[in-house]
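Please work through the exercises below with the sequence and the 3D structure open beside you, and try each task before reading its solution.

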Amino acid sequence: LSGINYLVCAAFFTIVSSNPPFLAFAPHRMGRTGSKKDTLRNVEQVGEFTVSAVTEEIAEQVNRCAASLPYGDSEFEHSGLTPEAAERVKAPLVAESPVGLECRLEEIRTYGEEGGAGSLVVGRVLVMHIDPSLRDPADGRVLPERLRAVGRMGGSLWCRTLDTFELERPS
């Protein structure tokens, strides 16, 4: 299947568990027709998917993936992004993304059938690909100022994740 991967925006995926590692995203049905989007159809059929971080550098290309293409048309070709073979799942990674997660489907919950209704897709993270240049040499954490992640907030509005601040966690 072409377009098996889901080019995720930060607003639509989250970590569910760190140990063991699980994540979730919520694809919605098409607003006018209520039909399932390709991502959900592919995950249901294949049982595997990848999630790639969206960065400022590739945001415009990722945005092109939101176009309503006929089922089976390649979002990679349409966007100019490059598919890269994953290690453990059939779905390709996005070569231009510095973070890619290979996942096996755990469950899907569906909340309605009409336009705009959503599903919750939960997957177990099997492999994490993280560009080493993103990591803090002291503790190995990903540095937001190096990742430069972005997320779609709705409609044409996007956000950057560079405006961070610290608060000490209470003991």
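The exercises that follow concern a predicted model, and they deal in turn with a pocket, a helix and some salt bridges.

**Exercise 1. A pocket and its lining**

Find which strand supplies the largest share of the lining of the second largest pocket, and describe the lining by class.

*Solution.* Begin with the pocket itself, the second largest, which has a volume of about 480 Å³. Of the 19 residues that line this pocket, the closest to its centre are I15, V99, M128, I130 and V142. Next, look at the strands: at least two lining residues come from each of β1 (13–18), β2 (21–25), β6 (99–111) and β7 (118–130). The largest share belongs to β1, which gives five residues. Finally, sort the lining by class, which yields 13 nonpolar, four polar and two charged residues.

**Exercise 2. The buried residues of a helix**

List the buried residues of helix α1, and name elements that cover them.

*Solution.* Helix α1 spans residues 38–46, and a residue counts as buried when its relative accessible area is under 20%. By that cut-off the buried residues of α1 are D38, T39, L40, N42, V43 and V46. In thinking about such a list, it helps to recall that an α-helix has 3.6 residues a turn, so residues three or four places apart point the same way. The cover over the buried residues of α1 includes β2, β3 (48–52), β6 and β7. Just after the helix comes G47, whose phi is positive, at about 80°.

**Exercise 3. Salt bridges**

Explain which parts of the chain the salt bridge between R29 and E113 ties together, and then examine two further pairs, E44 with K36 and D139 with R141.

*Solution.* The count comes to six salt bridges. In the pair R29 and E113, the closest N and O atoms are 3.0 Å apart. Because R29 lies in the loop between β2 and α1, while E113 lies in the loop between β6 and β7, the pair ties together parts that are 84 residues apart in sequence. Now compare the surroundings of the two partners: R29 is buried, with a relative accessible area of 11%, whereas E113 is exposed, at 53%.

The second pair, E44 and K36, also meets at 3.0 Å, N to O. Here E44 is partly exposed, at 36% relative accessible area, and K36 is partly exposed as well, at 28%.

In the third pair, D139 and R141, the closest N and O atoms lie 3.7 Å apart. D139 is partly exposed, at 48%, while R141 counts as exposed, at 60%. Elsewhere, salt bridges that share partners join E56, R148 and R160 into one network.

Notes:
Residues numbered from 1 in each chain as written. Predicted model: local features only at pLDDT ≥ 70, side-chain atom pairs only at ≥ 80, totals over all residues. Heavy atoms only, no water. 1 Å grid on protein atoms, 1.4 Å probe; cavity = no way out; pocket = protein on both sides within 12 Å on 5 of 7 lines; lining within 4 Å. Points joined across faces, edges and corners; volume = space filled by probe spheres on them. Helix = DSSP H or I, 4+ residues; strand = E, 2+ residues; numbered from the N terminus. Nonpolar A, V, L, I, M, F, W, Y, C, P; charged D, E, K, R; others polar. Buried < 20%, exposed > 50% of the residue type's maximum accessible area, 1.4 Å probe, protein only. Contact = heavy atoms within 4.5 Å. Salt bridge = Lys/Arg side-chain N within 4 Å of Asp/Glu carboxyl O.
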